[in-house]
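Student: Hi! Could you walk me through this protein, one piece at a time?

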Amino acid sequence: MAAHHSVIVVGLGSIGSMTLWQLAKQGVDVLGIEQFGRVHTEGAYAGESRLFRVAAKEGELFTPALLRSRELWQELGAGYGRDILLPAGALSVAPSDHPDLQPTLASIEHFDLPHEILDAAQMRLRFPQFHIEDDDIGVLDLLGGAMRPEMAVAAATDQAFSHGASAVYDTEVLDIVETPSGVLVRTSRGEFTADRVVVTAGPWTAQLLPDLRDVVQTKTFALTWLMPRHVERFTPDVFPGFMRDLDDVHAFGVPTLDGYSIKICPHIDLDAFDDWADRPTTLSREQLRWIGDQAARMIPDLIPDVVRWSLHSDSWTPTKMPIIDSVGDGVIVGTAFSGNGFKFAPVWGECLAALATGGRNPFGDDAFSVAGHRAVALA
């Protein structure tokens with residue numbers, strides 16, 4: 001007979017591990033199932049570091065979620081005994097009329113967020129690491145910083161286990177079937193049943209839930225690191241996490257965490273894919289050369305050659321709005337985080353835990369619903 005649990009979480013990356021943690025904190029009998037190991041390099045979360053922001057350029061809808069997320073990051077770090085969120089600040093540098101700055105400034109004003117606004121002259125004095133054009137400004141989100149994603153997944157999993165959760169690793173989920181008595185999960189290690197199942201499977205979502213193929217795509221994002229000539233100018237105590245828009249190129253990055261390089265990721269478009277086997281697995285010499293050139297234009301102290309890179313795939317929608325919704329009587333899904341989900345991970349985990357225990361998404365249902373995404377797709 002299949003082992004039965006109140007909730008099963010399928011996929012224990014950033015969102016899944018946080019969901020496991022939130023459910024276990026509530027005393028829920030929860031099992032996690034992960035096709036890889038406890039921490040691995042295949043998920044969307046991997047890659048040493050992430051930028052954390054509260055003043056959301058994506059719009060004011062997200063700022064309350066990020067404020068709550070910051071509280072949960074601090075709680076998680078305190079419980080684990082390690083700093084997961086490094087309070088380095090998050091700096092947006094762009095021309096003063098750049099469209100991303102307006103929603104950022106609106107969030108700052110609406111929620112009275114601690115910040116600084118620097119003109120070009122002040123930027124050159126305060127952050128001489130950047131190349132600054134005369135029409136640039138800097139918006140420093142003082143609640144932002146840099147994050148350690150692999151440590152975060154390990155911490156959330158550890159805390160979930162301490163509250164009684166269990167997990168099986170190296171176990172592929174083959175099928176998820178709703179039955180009159182709950183949900184059956186067929187895996188490479190046998191069958192499990194639960195009252196409800198939460199699917200947080202990232203780029204494998206549509207494979208497990210084929211009905212979502214019309215709204216969920218999969219894309220790959222590139223992370224790149226370059227080496228500064230003076231790495232002491234890029235430590236978290238003097239250099240913030242950042243987003244930089246120069247001409248038509250957007251990049252994000254974080255200060256040095258490894259002691260010899262900084263992450264800076266000028267955006268490149270990689271082809272979307274349907275089958276995991278068809279995902280991009282490499283960057284060309286031309287792409288790497290372009291990334292190095294753009295990064296050195298933004299930060300002249302960088303040697304214009306990529307010293308490390310990695311590719312990470314994620315579920316994606318054109319609107320970049322996530323899906324956090326029930327897709328059946330007993331199946332809940334968190335997906336379509338579009339390479340933008342990690343900073344929200346604990347709060348989205350909290351929302352999924354609420355849905356899995358009969359509650360509602362505290363940040364609203366409509367904006368994150370499958371039906372809402374389908375309406376946009378048909379518009």
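Tutor: Sure, we'll go through sheets, helices and empty spaces in turn. This is a predicted model, where local features need pLDDT of at least 70, side-chain atom pairs count only at pLDDT 80 or more, and totals for chains, interfaces and linings use all residues. Residues are numbered from 1 along each chain as its sequence is written, and side-chain values use heavy atoms, with hydrogens and water left out.

Student: Cool. What is the strand order in the open sheet of eight strands?

Tutor: The order is β6-β7-β5-β14-β15-β16-β13-β17, with mixed pairing. Strands (E, at least two residues) and helices (H or I, at least four) are DSSP runs, numbered from the N terminus, and two strands pair if DSSP finds at least two bridges between them.

Student: And which strands stand at the edges?

Tutor: β6 (115–118) and β17 do; each has a single partner strand, so one side of each is left without a neighbour in the sheet. From one strand to the next, the twist averages 20°. Axes here are lines fitted to C-alpha atoms, for helices over the stretch in contact, and angles run from 0 to 180 degrees between N-to-C directions.

Student: Which helix packs on that sheet and touches β5, β6 and β7?

Tutor: That is α3, whose direction makes about 40° with that of β7 (136–141). Touching, or contact, means heavy atoms within 4.5 Å. There is also helix α7 (residues 285–298), which lies across β13, β14, β15 (249–254), β16 and β17 and runs at about 115° to β17.

Student: How many bridges join β13 to β16?

Tutor: Two, and the strands run antiparallel, with β16 covering residues 262–266. Trp-225 has Lys-263 in β16 as its bridge partner.

Student: OK, new topic: what's the order in the open sheet of three strands?

Tutor: β3-β8-β4, with antiparallel pairing. Its edge strands are β3 (50–52) and β4 (85–86), each pairing on one side only. Helix α2 (residues 63–80) packs on this sheet and touches β3, β4 and β8, its direction making about 120° with that of β3.

Student: At what angle do α2 and α5 pack?

Tutor: About 70°, with the axes 10 Å apart; α5 covers residues 149–162. That makes α2 roughly perpendicular to α5, given that 65 to 115 degrees counts as roughly perpendicular, under 35 as roughly parallel, over 145 as roughly antiparallel and the rest as oblique. Trp-73 and Leu-76 of α2 are among the residues in the contact, as are Met-151 and Ala-152 of α5.

Student: What classes of residue are in that contact of α2 with α5?

Tutor: Eight nonpolar, two polar and one charged. Here Ala, Val, Leu, Ile, Met, Phe, Trp, Tyr, Cys and Pro count as nonpolar, Asp, Glu, Lys and Arg as charged, and the others, Gly among them, as polar.

Student: And how do α2 and α8 pack?

Tutor: At an angle of about 100°, with their axes 7 Å apart, where α8 is residues 345–356. That makes α2 roughly perpendicular to α8 as well. The contact includes Arg-68 and Trp-73 of α2, plus Trp-348 and Glu-350 of α8. By class, seven of its residues are nonpolar, one polar and two charged.

Student: Now the empty spaces! How many cavities of 30 Å³ or more are there?

Tutor: Three. On a 1 Å grid over the protein atoms alone, a cavity is a set of points where a 1.4 Å probe fits but cannot get out, a pocket is an open set with protein on both sides within 12 Å along at least five of seven lines, and lining residues have an atom within 4 Å of a point. Grid points are joined across faces, edges and corners, and a volume is the space filled by probe spheres set on the points.

Student: What lines the largest cavity?

Tutor: Its lining includes Lys-57, His-98, Asp-245 and His-250. This cavity holds about 60 Å³ of space. β5 gives the largest share of the lining, three residues.

Student: And the second largest pocket, what's its volume?

Tutor: About 240 Å³. Of its 17 lining residues, the closest to the centre are Thr-41, Glu-42, Ser-310, Leu-311 and His-312. β17 supplies the largest share of this lining, six residues.
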